[in-house]
Amino acid sequence: MNTRQWNLKYIKWLSAEEMNEATKKWISELEFIRDEQQFFDNLLAKLPNEKIIYSYCYVRNLTVELGDLEKENELLLKVALTHKNKLDILLDGFNQIEQEQTCKEFHLELLEAISMFLIKHKEVKKDIFKISKTNLKDQKKKPLINSKS
């Protein structure tokens with residue numbers, strides 16, 4: 001069964017309240033990822049260049065990819081906030097079938113966009129941890145204090 005077809009059936013049954021709760025969860029997750037990405041920026045910037053086992057180009061490409069993801073995260077966050085505001089209007093109690101259908105269709109598109117973003121973010125995150133782990137192992141091999149006692 002096609003994923004999009006399944007999602008359409010899923011979205012058909014969502015109420016405005018359920019979409020609003022899902023959107024709040026996405027916003028929270030995207031805000032956390034924003035902070036996480038700042039941490040990764042600092043982590044990559046503080047890696048000692050001369051000790052990196054990976055090539056400089058690999059780390060540079062990873063830094064650029066992280067920057068692209070930061071921009072995408074900000075865009076998705078703005079879109080999710082706008083979507084949440086539209087859902088808040090639907091929750092006012094008036095029966096607005098056309099607007100609700102439009103919101104459901106947009107909710108599906110946003111669901112797919114955020115899902116793809118999270119997959120990309122997870123891959124970059126895994127690569128950053130791999131580099132950091134290797135770098136820390138390399139640093140542990142060297143003594144912290146070079147003294148003859």
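**His83, helix α3 and an aromatic cluster**

His83 is buried, with a relative accessible area of just 1%. This residue sits in helix α3, and everything reported here comes from a predicted model. Once neighbours within four places in sequence are set aside, the contacts of His83 are Thr23, Cys103, Phe106, His107 and Leu110. Two of these partners can be placed by helix range: Thr23 falls within α2, residues 16–45, and Leu110 within α4, residues 97–140.

Zooming out for a moment, the chain comes to four helices and zero strands, so the run of elements from the N terminus reads simply α-α-α-α. Of its 149 residues, 31% count as buried. The accessible surface is about 10600 Å², and carbon and sulfur atoms own 57% of that. As for contacts with a separation of 6 or more, 89% of them are between residues 24 or more positions apart.

Back to α3, which covers residues 56–90. With 35 residues, this helix reaches 51 Å from its first C-alpha to its last, close to the 51 Å expected at 1.5 Å a residue. Which residues of α3 are buried? The list is Val59, Leu62, Leu66, Leu69, Asn73, Leu76, Leu77, Ala80, His83, Lys84, Leu87 and Leu90. An α-helix has 3.6 residues a turn, so residues three or four places apart point the same way. Leucine turns up again and again in that list, but Asn73, His83 and Lys84 are on it too.

Take Asn73: its relative accessibility is 0%, and with the cut-off for buried at under 20%, that is why it counts as buried. Apart from sequence neighbours within four places, Asn73 is in contact with Leu30, Ile33, Arg34, Gln37 and Phe117. Leu76, also in α3, is buried as well, at a relative accessible area of 8%. The contacts of Leu76, with neighbours within four places again left out, are Leu30, Leu110, Ala113, Ile114 and Phe117. Leu30 and Phe117 therefore appear in the contact lists of both Asn73 and Leu76. Leu110, for its part, is in contact with Leu76 and also with His83. Leu76 and Leu110 are 34 residues apart in sequence, yet their C-alpha atoms are 8.1 Å apart in space.

Then there are the aromatics. A pair of aromatic rings is described by the distance of the centres and the angle of the planes. The structure holds two such pairs. In one of them, Phe39 and Phe40 are tilted, at 5.8 Å centre to centre and 55° between the planes. In the other, Phe40 and Phe129 meet edge-to-face, with 5.5 Å between centres and 85° between planes. Phe40 lies in helix α2 and Phe129 in helix α4, so this pair ties together parts that are 89 residues apart in sequence.

Phe40 belongs to both pairs, and Phe39, Phe40 and Phe129 form one aromatic cluster. How buried or exposed are Phe39, Phe40 and Phe129? Phe40 counts as buried because its relative accessibility is 1%. Phe39 is partly exposed at 47%, and Phe129 is likewise partly exposed, at 42%.

Technical notes. Residues numbered from 1 in each chain as written. Predicted model: local features only at pLDDT ≥ 70, side-chain atom pairs only at ≥ 80, totals over all residues. Heavy atoms only, no water. Helix = DSSP H or I, 4+ residues; strand = E, 2+ residues; numbered from the N terminus. Buried < 20%, exposed > 50% of the residue type's maximum accessible area, 1.4 Å probe, protein only. Contact = heavy atoms within 4.5 Å. Expected span 1.5 Å × (residues − 1). Phe/Tyr/Trp six-rings, centres within 6.5 Å; stacked < 30°, edge-to-face > 60°. Areas by Shrake-Rupley, 256 points an atom, 1.4 Å probe, with all protein chains shown as cover.
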